Amino acid sequence: RIVDRVVRKEKWDACMRSKEILPFPKISTSLRPSGGDQVVIGVICAGPVVPKSGASGEKCAEITLTDLAPNRLHRVVVVLAGKAFDHWADPLGAGRKQCAVGSIFGVL
């Protein structure tokens, strides 16, 4: 059950139309840089880790997502940089409160 939604169910359903949901185990083999939109959805289980500098010198942070699979738990580390960092990881970012352990997070 999802509680305290940030996006209404109807809006989520409309946004997800025509998008392919990628299961965690298939990310490395099915992720396409071009073509139709693909979405990875998981639950934040760690992060955002204290901001650090990326290879280009810009601030970045990592969050870890899990799929909560009952048989074999999968995890994916997502690096937030640029506007994504500003919104989700910066302590003053508009989405920082929602970027917390237990939140459902989608990456397009």
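## Charge pairs, cysteines and a nonpolar core

D13 has a relative accessibility of 34%, so this residue counts as partly exposed. The model it belongs to is a predicted one.

D13 has a charged partner. Its side chain meets that of K9 in a salt bridge, with 2.8 Å from N to O. Both K9 and D13 sit in helix α1, which covers residues 9-16. They are 4 residues apart, about one turn of the helix. K9 is partly exposed too, because its relative accessible area is 43%.

Side chains of opposite charge can pair when their charged atoms come close. How many salt bridges does the count give? The count comes to 2. Besides K9 and D13, the side chains of E10 and R8 form a salt bridge, at 3.8 Å from N to O. E10 and R8 are both exposed.

### The two cysteines C45 and C99

A disulfide is a covalent bond between the sulfur atoms of two cysteines. The count of disulfides here is 0. C45 is in none, and the nearest cysteine sulfur, in C99, is 12 Å away. Why does C99 have no bond to C45? Their sulfur atoms are 12 Å apart, which is too far for a bond. A disulfide would need the two sulfur atoms within 2.5 Å.

The burial of each cysteine can be stated as well. C45 is partly exposed, because its relative accessibility is 24%. C99 is buried, with a relative accessible area of 0%.

Here are the residues with a stated relative accessible area.

| Residue | Relative accessible area | Class |
|---|---|---|
| K9 | 43% | partly exposed |
| D13 | 34% | partly exposed |
| C45 | 24% | partly exposed |
| D86 | 47% | partly exposed |
| C99 | 0% | buried |

### The nonpolar core

Now turn to the inside. The largest nonpolar core has 14 residues. Which residues have the most contacts inside it? They are I44, I63, L65 and F105. Four elements give two or more residues to this core: strands β2 (38-46), β4 (59-66) and β5 (75-81), and helix α3. Strand β4 gives the most, with 3 residues.

F105 shows how such contacts run through the chain. Neighbours within four places in sequence are set aside here. F105 then touches V40, I41, G42 and I44. Its other contacts are I63, L65, W88 and C99. So the buried cysteine C99 appears again, as a contact of F105.

### Helix α3 and D86

Helix α3 spans residues 82-89 and holds D86. Is D86 buried or partly exposed? D86 is partly exposed, because its relative accessible area is 47%. D86 and A61 are 25 residues apart in sequence. In space, their C-alpha atoms are 9.9 Å apart.

### The whole chain

The chain has 3 helices and 6 strands. From the N terminus on, the order is α-β-α-β-β-β-β-α-β.

How does the radius of gyration agree with that of a compact globule? With 108 residues, such a globule would have a radius near 13 Å, and the chain has 14 Å, which agrees. The C-alpha atoms fill a box of roughly 35 × 35 × 30 Å along the principal axes.

Of the 108 residues, 25% count as buried. The accessible surface comes to about 7600 Å². Carbon and sulfur atoms account for 56% of that surface. Among contacts between residues at least 6 apart in sequence, 39% join residues at least 24 apart.

Methods:
Residues are numbered from 1 along each chain as its sequence is written. This is a predicted model: local features need pLDDT of at least 70, side-chain atom pairs count only at pLDDT 80 or more; totals for chains, interfaces and linings use all residues. Side-chain values use heavy atoms; hydrogens and water are left out. Buried means under 20% relative accessible area, exposed over 50%, partly exposed in between (1.4 Å probe, protein chains only). A salt bridge is a side-chain nitrogen of Lys or Arg within 4 Å of a carboxyl oxygen of Asp or Glu. A nonpolar core is a set of buried Ala, Val, Leu, Ile, Met, Phe, Trp, Tyr and Cys residues joined through side-chain atoms within 4.5 Å. Contact means heavy atoms within 4.5 Å. The radius of gyration is taken over C-alpha atoms; the globule rule is 2.2 Å times the number of residues to the power 0.38. Accessible areas come from the Shrake-Rupley method with a 1.4 Å probe; for residues, only the protein chains shown count as cover.
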